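Here is a set of questions on how the labels attached to this model are earned. Each answer sets a value against its criterion and concludes.

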Amino acid sequence: MITSIPVLWSVTTLVFLMVHLLPGDPAELMLAESGGSSRSIAQLRHQLGLDAPLYVQYGRFLANALRGDLGRSIFTNRPVTRTILEQLPHTVQLAVAAMMVAVTIGTALGIAAALNRNTWVDNLCVTIAVAGASMPIFWSGLLLILLFSSRLRWLPATGQGALKHLVMPAIVLGLASSGSIARLVRSSMLEVLGQEYITAARSKGLSEYMVVCRHALKNALIPVVTVMGLQFGYLLGGTVVTETVFSRQGLGWLVVDAILWKDFPIVQGTVLWLAAIYTLVNLLVDISYAIIDPRIHYD
Amino acid sequence: MKRAKVASLAVIISVLVWILAGCSSMPAPQGGKLIYGLTLAPSGIDPHVNASSELGIPLTSVYDTLVWQDLDGEFVPGLAESWEVSDDGLTYTFHLRRNVRFHDGTPFNAQAVKFNLDRVVDPQTKSQKAVFMLGPYDHAEVVDDYTIKVYLQEPSAPLLDSLSQVYLGMASPAAVEKWGLDYQMHQVGTGPFMFKEYIPKDHLTLVRNPDYNWAPTIFGHQGPAYLEEIEFRFFVEPATRSLALESGEAHVMGEIPPQDAQRLSQDPDFQLIPVALPGTPLMLFVNTARPPTDDLKVRQALIYATDREAIVAAIFKNLSPVAYGPLTAVTLGYDENVVGLYDHDPELAKDLLQQAGWVDANGDGVLEKDGQPLRVEAYLMSWGFMPEVAQLLQAQFKAVGVEMQSQVVAYPAALEAAREGKHNLIPFSLSSSDPDILRTFFHSEGGFNWAKVRDPRLDELLEEGARTLDLEKRKALYAEAQRIIMAEALIIPIRDYVNLNAAQGQVKGLRYDLRGWFPWLYDVYLAGGRSD
């Protein structure tokens with residue numbers, strides 16, 4: 001827990017510097033909608049607190065963040081935390097759905113490959129896994145939209161609300177993660193299947209189904225849980241692209257829009273939240289080892 | 001027998017009455033839900049705070065303004081029944097309409113007007129547009145419940161124009177105080193439609209205000225609006241707009257790309273509603289502070305080298321007129337003497353460049369002076385067909401020996417490059433129903449003075465134009481300003497903007513205000529009755 005504080009601090013500091021280094025000035029962007037004098041731009045910049053030196057702005061941001069106040073959006077003037085909390089459920093929904101897709105596809109491919117080691121089934125599963133992991137989301141997303149929305153008209157291309165809106169984004173995002181899960185399940189499964197207790201289980205005359213699902217899978221899944229924690233971070237990052245491709249609401253869309261319009265508080269706040277979620281998920285993963293594998297204890 | 005006659009007479013009469021009653025409601029069927037396609041999802045939608053044109057499209061129907069402007073530019077009573085301006089132009093007295101209520105039931109009165117104006121200028125509001133539209137506003141004084149005096153620090157010719165826009169629309173003080181920073185999600189005005197729901201990036205829904213009884217005379221009827229509900233949806237991708245219209249996903253769609261507009265205009269199921277926009281045309285600012293465009297002859301040569309007719313035909317399908325000066329032809333104060341000033345003349349362009357000392361010494365097709373090739377750098381935004389226009393320009397400049405290098409950059413980066421003067425050419429444009437918009441671009445202190453011009457006479461004309469209330473004197477000032485801008489070749493005008501709106505055939509009564517962006521949805525109905 002304590003170690004997460006330096007992580008969060010360095011992430012936010014880096015992001016603060018990065019967004020301020022990008023070209024562009026929010027006050028100028030606002031007035032470019034309607035015109036005004038250079039004095040009006042300066043006045044607006046002052047009202048928004050953007051005329052202060054960078055270290056002062058950074059100090060302000062840090063002091064407020066420590067008190068739990070992430071400031072207000074430059075463009076909407078609404079509290080950043082509230083804006084993020086409005087969008088968070090959309091992103092969590094997408095990430096969880098994608099995780100389910102990733103684990104289901106990844107585990108299935110991994111087991112199928114391990115049980116049919118060095119056959120064409122194995123090769124096929126590994127190929128699918130590698131392809132899934134290497135396809136960029138924006139590309140696979142557009143392909144799915146072309147096929148299922150434009151051609152077949154089965155699923156809506158954009159929007160959200162109903163389950164049908166979630167199907168394509170979750171598959172695209174989940175597929176990208178399923179590859180590494182599949183490869184891990186395969187190797188871990190192969191390792192477990194070679195263990196003596198599996199031979200013992202088989203010699204007891206248990207069915208192959210019982211051997212694989214009851215005895216082997218449970219132990220083979222421990223490393224998968226670790227990877228799920230890491231993959232969750234990848235999924236959160238992936239939501240940025242996925243939400244943009246499918247024009248869904250969510251933190252990804254929020255942060256992309258904020259970067260385009262140089263809405264600093266939103267960018268900083270969203271990244272801080274994402275980093276915090278990532279840290280929390282990894283903590284939960286650590287704790288879950290103890291539940292899955294009683295040999296692991298935390299003192 | 002007699003009884004039977006009476007009975008049949010009664011039947012006939014009641015049938016007649018029924019038919020007549022039916023006829024009287026024929027012209028404008030009540031009810032129905034209209035789906036209106038917006039082209040950009042604005043980041044914030046409080047008109048007092050935010051600046052986008054897109055927010056005005058729905059919210060013009062939610063807020064009433066003190067005055068309205070008819071399509072000839074005349075100001076007509078709105079929430080103010082009448083008004084007087086003091087001789088010095090510093091005091092405006094508004095006499096307000098009685099018995100007007102906000103959607104939350106609170107009364108509209110002079111206190112509400114003062115509250116709204118003070119909210120706009122409050123630094124805490126961080127207004128991005130409205131505060132600058134109010135300009136030299138000093139303070140407001142409530143004389144009685146229905147009279148308010150607005151005091152200015154100096155005369156402001158654009159003030160009534162500003163007060164007729166949604167950005168200075170009248171919001172319910174009770175609602176603003178109740179919702180605080182979240183007000184933009186719960187907006188309350190006095191207009192013909194009430195704000196129901198806004199889900200960013202998804203939809204914005206308005207419902208009919210059943211109590212609306214104070215429509216200005218610019219509209220076609222009185223009482224509540226015809227439509228029951230309007231849902232605004234976002235169609236950010238230009239290519240999807242006409243498709244959405246054709247598939248029935250939307251009844252009305254703004255900013256249709258020219259080639260789609262051309263197709264829709266030939267389809268009897270749809271109506272194309274092109275609206276010429278006042279303000280500046282699409283124009284390229286020519287940087288007078290950076291070589292080689294610091295030389296007047298080079299700047300003039302660039303305009304002569306530009307074949308605007310070809311650009312308008314190829315890219316804009318002749319759906320928008322060629323631009324000649326810094327204001328579009330439908331803008332107040334537009335000076336038609338700019339027409340024909342720089343007709344396409346490549347030979348003259350070459351002559352001018354030669355006079356300026358540029359010759360093609362090495363025969364590579366690009367002129368040189370002192371060993372340096374004649375090269376201009378253009379920064380472009382990715383939208384508004386700017387890259388396409390630049391492509392044609394590049395070929396047209398090449399024909400007179402000028403090499404144009406262009407780069408498409410992100411919008412914030414383009415603004416920064418323009419501010420720092422890294423460009424020779426950069427395109428831009430703004431809509432505005434008042435010629436005061438020229439001050440933004442051509443005053444030496446203008447926020448977007450991208451020609452980098454510092455001309456004391458031009459500054460004086462633009463300042464005087466903003467202060468002069470006499471319309472004829474005002475027009476003369478702006479005519480001279482336009483002449484100077486073109487004589488100094490500060491811009492390459494390309495085309496006047498035309499907002500290409502399209503609607504399904506069943507949409508009736510749709511008109512747009514003088515600014516060309518904001519639809520008057522109060523009079524709109526769907527022929528054939530209900531539709532949802």
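Q: What makes β12(B) and β20(B) a strand pair?
A: In this predicted model, Pro274(B) has Leu500(B) in β20(B) as its bridge partner. Seven bridges join β12(B) to β20 (residues 498-504) of chain B, in the antiparallel sense. Pairing needs at least two bridges, so the label holds.

Q: Why is β12(B) called an edge strand, and which other strand of chain B shares that label?
A: The seven-stranded sheet is open, with the order β8-β9-β10-β1-β11-β20-β12 (chain B) and mixed pairing. β8 (193-199) and β12 (270-276) each have a single partner strand, so one side of each lacks a neighbour in the sheet.

Q: How do you know that β4(B) and β5(B) pair, and in which sense do they run?
A: Five bridges link β4 (residues 80-85) of chain B with β5 (residues 91-96) of chain B, and the two run antiparallel. One of the residue pairs is Ser82(B) with His95(B) in β5(B). The threshold is at least two bridges, so these strands count as paired.

Q: What lies between β4(B) and β5(B) in their hairpin?
A: Five residues separate the two strands. In the turn, Gly89(B) has a positive phi of about 75°.

Q: What is the strand order of the sheet that holds this hairpin, and why are two of its strands at the edges?
A: The order is β4-β5-β7-β6 (chain B), an open sheet of four strands with antiparallel pairing. β4 and β6 (137-144) of chain B each have a single partner strand, so one side of each is left without a neighbour in the sheet. Neighbouring strands are turned by 20° against each other on average, direction ignored.

Q: Which helix lies across this sheet, and at what angle to β6(B)?
A: Helix α3 (residues 110-121) of chain B lies across β5, β6 and β7 (147-152) of chain B. α3(B) runs at about 165° to β6(B).

Q: What makes the bond between Pro291(B) and Pro292(B) cis?
A: Omega is about 0° there. Pro292(B) sits in the loop between β13 (282-286) and α9 (296-305) of chain B. Most peptide bonds are trans.

Q: What is notable about the phi of Asn118(A)?
A: Asn118(A) is not a glycine, yet its phi is positive, about 60°. Most residues other than glycine have a negative phi. Asn118(A) belongs to the loop between α5 and α6 (120-134) of chain A.

Q: How does the reach of α5(A) compare with its expected span?
A: Helix α5 (residues 80-115) of chain A has 36 residues and reaches 50 Å from first C-alpha to last. The expected value at 1.5 Å a residue is 52 Å, and the reach is close to that.

Q: Where does α5(A) bend, and by how much?
A: The bend is about 35°, at Gln87(A). A proline, Pro89(A), follows within four residues.

Q: How many helices and strands does chain A have?
A: Chain A has 13 helices and zero strands. Its C-alpha trace spans about 85 × 55 × 30 Å along the principal axes.

Q: How many residues does each chain bring to the contact, and which element of chain B gives the most?
A: Chain B brings 31 residues and chain A brings 32. α13(B) gives the most on the chain B side, with five residues. That side divides into twelve nonpolar, ten polar and nine charged residues.

Q: How do you know that domain 1 and domain 2 of chain B touch?
A: Eight residues of domain 1 are in contact with ten residues of domain 2. Contact requires C-beta atoms within 7 Å, so the two domains touch by that criterion. Their bounds are 1-30 + 64-171 for domain 1 and 282-495 for domain 2. Their centres, taken over C-alpha atoms, are 40 Å apart. The domain 1 side has three nonpolar, three polar and two charged residues.

Definitions and conventions
Residues numbered from 1 in each chain as written. Chains lettered and ligands numbered in written order. Predicted model: local features only at pLDDT ≥ 70, side-chain atom pairs only at ≥ 80, totals over all residues. Nonpolar A, V, L, I, M, F, W, Y, C, P; charged D, E, K, R; others polar. Domains from an automatic or database assignment. Expected span 1.5 Å × (residues − 1). Bend = angle between axes of the 7 residues up to and from the residue. Axes fitted to C-alpha atoms, helices over the stretch in contact; angles between N-to-C directions.
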